[in-house]
Amino acid sequence: MEQPIGPLSSFDYDLLVVGAGSGGQAVAKEAVGFNKRVLVIDPVTPFSECTTSVLGWSSVTMATVRKLLHRASQLGQDIQDSQKYGWRFKETASHSWGGLSDALSAHAESCVLGVRRDLTECGAAYLRAGWEMLAPHVVEVTDTDGRKSRLSVETLVIDPGERPRYPGVPGDGEHCVTSNELFSRPRPPGRTLVVGGSPEGVECAGFLSGLGHEVTLMLPTSDLLPGFDLKMSQKIENHMLVHGVHFLYEHTLSKVEQIGAQDGGVSAAALLGAPGGLRASLLSRDGPATQEDFDTVLLAVGIEPSTSNIGLERVGVKCCPDGRVLVNELDQTSVDHVYCLSSSPSSSPSSSSSSSGPHCPSPVLRARSGRLLAHRLYGGPTPPCDYSNIPLVLFTPLEYSACGLSEERANATFGEANIEVYHSYYWPLEWTVPARDKNSCYVKVVCHVPDQERVVGLHLMGPHAGDIVQGFSAAMTSGLTKRQLDATAGLQPTAAQVLTSLTVTQRESEAMMVRGNC
């Protein structure tokens with residue numbers, strides 16, 4: 001029997017950072033700058049039993065993969081548009097799923113190697129291993145060969161990252177995939193059922209449809225993207241409907257099973273991704289249960305923090321029922337030397353109700369939080385991370401980006417009478433030649449009238465939305481008002497100029513519609 005762990009007079013490391021995501025990297029690099037001995041553990045965890053394990057992936061890697069998948073689906077539309085610009089092809093263009101998979105895997109691996117190189121070059125130790133807390137300042141590390149060792153650390157920072165949640169129905173772990181491992185499969189997904197209206201689900205449904213696959217997006221309610229701006233969610237949904245994504249409302253998944261595995265003696269691995277290889281049992285809120293056959297069932301019912309089975313409860317670190325670590329505004333847990341970086345202030349008991357909106361993984365936000373934490377630990381008093389005006393982007397078929405409050409949150413925070421919303425549809429110049437999707441792109445600016453019409457929310461749906469909103473988010477952080485926005489010179493002929501010439505309010509548009517109906 002092992003001897004109990006007693007008090008420690010010295011430590012192997014001043015700081016142990018668990019998680020090599022953007023937050024973990026930032027806090028480690030900053031701590032090295034304060035001459036601290038730092039070890040970064042990149043946890044080794046397989047994504048699921050259905051796929052080959054992909055190790056060392058961070059939120060940064062997954063964010064870039066999301067954008068690359070979005071770009072892959074856009075290129076198909078670009079090929080069609082190019083013919084209107086005079087391009088001619090000798091052969092019909094076709095898509096290779098294997099080529100895309102190989103390219104994304106190579107990109108992901110380069111990201112992992114880049115993280116390791118950056119950390120070691122700055123002076124931090126780096127280790128890919130499993131880990132578990134044994135005592136307040138002691139962790140057990142298990143390397144990739146199964147060897148165990150113990151390390152003592154003075155301060156622990158956890159950058160937990162997230163993993164897809166499973167609904168807990170028969171067959172979900174054996175026969176389904178999540179957004180994390182979808183593209184690593186050798187076969188194209190074919191006819192796909194996407195379960196859940198989360199950001200990951202909407203993005204995956206969009207890019208799979210763009211690559212030519214038949215996609216059904218199943219929602220447990222009638223609402224897409226719960227927690228996001230309602231009007232923007234509706235416009236995203238309408239665009240996806242027009243472009244071929246099927247929606248199945250108020251249905252839930254009850255079971256997934258393979259077809260023919262028992263009768264034909266075919267292995268599960270051989271049937272994975274085979275045409276019609278899966279049968280999904282679907283429950284309707286009002287109607288009878290039904291069954292449908294799909295090639296792939298993709299789970300996108302939400303994400304959860306990777307905080308289970310690492311010994312947090314053993315040392316007294318308190319967590320929410322959903323696994324999020326409880327922290328205060330300074331990222332400190334219930335144990336004074338253990339800290340946890342969060343991509344959302346909702347994990348803090350003291351978080352404000354005026355936070356910027358729905359949870360959307362943000363590597364940049366975690367990096368900022370990590371830098372501030374390192375300075376707080378080793379450089380003196382440092383203000384907490386400001387969670388207001390954090391931009392987000394969703395790589396939906398028509399890219400959506402926002403900064404600040406949704407219209408619903410602004411009305412609830414300041415009162416509907418104190419909110420004015422300016423909006424406009426627009427047609428990107430590059431779309432006019434192929435004459436497609438007129439009046440699909442949309443922008444709206446939410447203003448707090450008593451505060452000189454300060455811009456408290458900005459939403460844009462269109463090409464390169466994230467790049468456009470990023471620039472305006474800096475102005476919002478500095479207190480941008482509608483008058484200042486109007487005084488900004490628009491850059492002709494870009495899509496961003498529409499934000500500088502908004503003159504029509506939603507109230508005026510609604511009034512015109514009423515008069516038109518009369």
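**Exercise 1. The Asp331 site**

Task: Work out whether Asp331 is buried or exposed, then find the residue whose side chain meets that of Asp331 in a salt bridge.

Solution, step by step:

1. Start with the accessible area: Asp331 has a relative value of 3%, so Asp331 is buried. The classes are buried (under 20% relative accessible area), exposed (over 50%) and partly exposed (in between), with a 1.4 Å probe and protein chains only.
2. Before going on, keep in mind that this is a predicted model, where local features need pLDDT of at least 70 and side-chain atom pairs count only at pLDDT 80 or more, while totals for chains, interfaces and linings use all residues. Residues are numbered from 1 along each chain as its sequence is written, and side-chain values use heavy atoms, with hydrogens and water left out.
3. Now the partner: the side chain of Asp331 meets that of Arg376 in a salt bridge, with 3.7 Å from N to O. This pair links distant parts of the chain, 45 residues apart, with Asp331 in the loop between β15 (303–305) and β16 (338–340) and Arg376 in helix α8 (residues 363–378). A salt bridge here is a side-chain nitrogen of Lys or Arg within 4 Å of a carboxyl oxygen of Asp or Glu. Helices (H or I, at least four residues) and strands (E, at least two) are DSSP runs, numbered from the N terminus.
4. Check the partner too: Arg376 is buried, because its relative accessible area is 15%.

**Exercise 2. A salt bridge between Asp229 and Lys444**

Task: Explain why the salt bridge between Asp229 and Lys444 ties together separate parts of the chain.

Solution, step by step:

1. The side chains of Asp229 and Lys444 meet at 2.9 Å, N to O. Asp229 sits in the loop between β9 (215–218) and α6 (230–242), and Lys444 in strand β20, so the pair joins parts 215 residues apart in sequence.
2. Next, accessibility: Asp229 is buried at 2%, and Lys444 is buried at 0%.
3. For the whole structure, the count of salt bridges is 25.

**Exercise 3. A salt bridge inside one helix**

Task: Determine how many residues separate Lys482 and Asp486 in helix α12, and classify the accessibility of Lys482 and of Asp486.

Solution, step by step:

1. Lys482 forms a salt bridge with Asp486, the closest N and O atoms being 2.7 Å apart.
2. The two residues are four apart in helix α12 (residues 482–486), which means that about one helical turn separates them.
3. Lys482 is buried at 3% relative accessibility, whereas Asp486 is partly exposed at 38%.
4. Elsewhere, salt bridges with shared partners join Asp229, Lys231, Glu407 and Lys444 into one network.

**Exercise 4. The span of α3**

Task: Test whether the ends of helix α3 lie where the expected span puts them.

Solution, step by step:

1. The expected span of a helix is 1.5 Å times one less than its number of residues. For the 26 residues of α3 (residues 97–122) this gives 38 Å.
2. The end C-alpha atoms are 38 Å apart, which agrees.
3. Now look along the helix: the buried residues of α3 include Trp97, Leu104, Cys111 and Leu119.
4. After the helix comes Gly123, with a positive phi near 115 degrees.

**Exercise 5. Around Ile419 and Ser509**

Task: List the surroundings of Ile419, then do likewise for Ser509.

Solution, step by step:

1. Ile419 lies in strand β19 (residues 419–426) and is buried at 3% relative accessibility.
2. Leaving aside neighbours within four places in sequence, the contacts (heavy atoms within 4.5 Å) of Ile419 include Phe414, Val446, Val449 and Arg507.
3. Ser509 belongs to helix α13 (residues 506–517) and is buried at 16%.
4. Not counting residues up to four places away in sequence, Ser509 touches His423 and Val504.

**Exercise 6. The whole protein**

Task: Find how many helices and strands the protein has, and what share of its residues is buried.

Solution, step by step:

1. The protein has 13 helices and 21 strands.
2. Of its 518 residues, 49% are buried.
3. Among contacts between residues at least 6 apart in sequence, 66% join residues at least 24 apart.
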